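Reader: Got a minute to go through this one with me? I'd like to start with the sheets and then poke at a few residues.

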Amino acid sequence: QEKTIVISGKQSIFLPFSLKFPGNAPPGSQVAAILIGTQPLSGKNQELKSAGFISSILSVRVSGEKWIRGGIKSFIPENVFYQEPKIKFLLNFENTGNINLNPSGKIKIFNYRGKEKGNISLSAEALSVLPQKSREFIFNWEGETSEIGMGKYKAIAALTFGNPIQNTTKETYF
């Protein structure tokens, strides 16, 4: 139930709240938000306009069978050709399960001879993907200028996620 409460300037209130999910809510992660702003939501669709809002996102897990499914949907460099070791990678992770996933892992970069030239650590705290959504992440690698050479380079993204742990990998070339 949506409710608008007006608070005058220099005033504070205690605002208890509760979340009620319909009986047919699917098991898994559900998301709700509490919005505090300078103007009420407007229109039939309750759209956020340009008024400033502070939000608190609530993530709740509805009991039932959980599905931990996901993987790397795409992993590509921003460009195919580089003249210096400043590479931007675009990684899209897709969550096809019903709970939030926080993948973590590494991107390893190898030269044309198979020698590892660098890596990027991917932290689970920074990577969160909601159920039935995909999310693109951008990672930058900057190696030593003297390290880049001619030839085809390979990058491998290896991620783990979920409990029990699942693995997903994808490679790309530049």
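Author: Sure, here is a quick run through the sheets, the core and a couple of residues. Keep in mind that this is a predicted model.

Reader: Okay, what's the strand order in the sheet with 4 strands?

Author: The order is β6-β5-β8-β9, in an open sheet with antiparallel pairing. The edge strands are β6 (116-122) and β9 (166-173), each pairing on one side only. From one strand to the next, the twist averages 15 degrees.

Reader: How many bridges between β8 and β9?

Author: There are 8 bridges, and the two strands pair in the antiparallel sense. β8 covers residues 154-161.

Reader: And what's opposite isoleucine 156 there?

Author: Glutamate 171, in β9.

Reader: Now the sheet with 3 strands. Which strands stand at its edges?

Author: The order in that open, antiparallel sheet is β3-β4-β7. β3 and β7 stand at the edges with a single partner strand each, so one side of each has no neighbour in the sheet. The twist there averages 20 degrees from one strand to the next.

Reader: How do β4 and β7 pair?

Author: In the antiparallel sense, over 10 bridges. Leucine 91, for instance, has phenylalanine 137 in β7 as its bridge partner.

Reader: Switching to the largest nonpolar core: which residues touch the most other members?

Author: Phe75, Phe89, Leu91, Phe93, Ile107, Ile109 and Phe139, out of 24 residues in that core. The elements giving two or more residues to the core are β3 (70-77), β4 (86-95), β5 (104-110), β6, β7 (133-142) and β8.

Reader: What does phenylalanine 75 touch?

Author: Leaving out residues up to four places away in sequence, its contacts include Phe89, Leu91 and Ile107, which are also on that list of core residues touching the most other members. Phenylalanine 75 also touches Ile156 and Glu171, the pair that stand opposite each other across β8 and β9.

Reader: Different spot: is isoleucine 34 buried or exposed?

Author: Neither, it's partly exposed: its relative accessible area is 28%, and buried would need under 20% while exposed would need over 50%. Isoleucine 34 lies in strand β1 (residues 28-37).

Reader: What does isoleucine 34 touch?

Author: Phe17, Ile54, Ser55, Ser56 and Leu58, not counting residues up to four places away in sequence. Serine 56 is 22 residues apart from isoleucine 34 along the chain, yet their C-alpha atoms are separated by 5.2 Å.

Key
Residues are numbered from 1 along each chain as its sequence is written. This is a predicted model: local features need pLDDT of at least 70, side-chain atom pairs count only at pLDDT 80 or more; totals for chains, interfaces and linings use all residues. Side-chain values use heavy atoms; hydrogens and water are left out. Two strands pair if DSSP finds at least two bridges between them. Axes are lines fitted to C-alpha atoms, for helices over the stretch in contact, and angles run from 0 to 180 degrees between N-to-C directions. A nonpolar core is a set of buried Ala, Val, Leu, Ile, Met, Phe, Trp, Tyr and Cys residues joined through side-chain atoms within 4.5 Å. Buried means under 20% relative accessible area, exposed over 50%, partly exposed in between (1.4 Å probe, protein chains only). Contact means heavy atoms within 4.5 Å.
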